[in-house]
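Here is a short report for a first look at this protein. Start with the overall build, then move to single residues.

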Amino acid sequence: RSHFGSRRLPSFILSFLVMKLSSALLSLFAPVSAKVYFVEEFKDDSWRDRWVDSEWKKDAGSQGSFALSAGKYHNDPAIDQGLKTQEDARHFTTSAVFEPFSNEGKPLVIQYQMKHEQDIECGGGYIKIGPQPDDQKKFGDPTPYY
């Protein structure tokens with residue numbers, strides 16, 4: 001017996017609710033397809049084969065460098081690796097090339113994770129998505145992006 005408070009639900013309402021609940025549960029298990037255009041997990045030093053550090057601030061003496069590290073706080077240092085900036089108060093720029101694509105009519109999801117472990121007064125990080133530069137070593141500001 002189905003009861004709502006002290007009143008009994010009519011069978012057509014109960015059937016409707018069961019049907020809605022069933023379709024909601026089925027939608028949780030419906031196959032989802034997505035095209036992955038680029039992924040980088042920084043699992044080992046092979047990332048250097050795919051990423052090029054820019055030298056756009058080298059002449060100014062303010063260019064920083066990256067290293068592979070799990071950082072101070074991690075679960076598993078072999079798995080939780082990423083790029084770590086090596087110096088304070090520098091410009092850090094690196095880029096990787098991926099195949100051109102169009103997401104016209106579809107959402108584009110860009111996901112990345114960043115943790116700031118250094119005590120800095122000013123800083124941040126951002127991603128530029130744009131056409132492949134003629135020379136990745138010159139990637140910096142200004143660089144066209146979408």
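The report below goes from the whole chain to a core and two residues.

**The whole chain.** This is a predicted model. The protein chain holds 1 helix and 6 strands. Read from the N terminus, their order is β-β-α-β-β-β-β. Some overall values follow.

| Property of the protein chain | Value |
|---|---|
| Share of the 146 residues that count as buried | 16% |
| Share of contacts (separation of 6 or more) made by residues 24 or more positions apart | 53% |
| Share of the exposed area, about 12,500 Å², supplied by carbon and sulfur atoms | 54% |

**The core.** The largest nonpolar core has 6 residues. Its members are F42, W47, W51, F66, L68 and A96.

F66 belongs to this core. Leaving aside residues up to four places away in sequence, F66 touches W47, R48, D53, L83, K84, T85, Q86, F92, T93 and T94. One of these partners, W47, is itself a member of the largest nonpolar core.

**A loop residue.** S54 lies in the loop between β3 (51–53) and β4 (66–69). Is S54 buried or exposed? Its relative accessibility is 2%. Buried means under 20%, so S54 counts as buried.

What does S54 touch, not counting residues up to four places away in sequence? The partners are Q63, T93, T94, Q136, K137, K138, F139 and G140. T93 and T94 also appear among the contacts of F66.

Terms used. Residues numbered from 1 in each chain as written. Predicted model: local features only at pLDDT ≥ 70, side-chain atom pairs only at ≥ 80, totals over all residues. Heavy atoms only, no water. Core = buried A, V, L, I, M, F, W, Y, C linked by side-chain atoms within 4.5 Å. Buried < 20%, exposed > 50% of the residue type's maximum accessible area, 1.4 Å probe, protein only. Contact = heavy atoms within 4.5 Å. Helix = DSSP H or I, 4+ residues; strand = E, 2+ residues; numbered from the N terminus. Areas by Shrake-Rupley, 256 points an atom, 1.4 Å probe, with all protein chains shown as cover.
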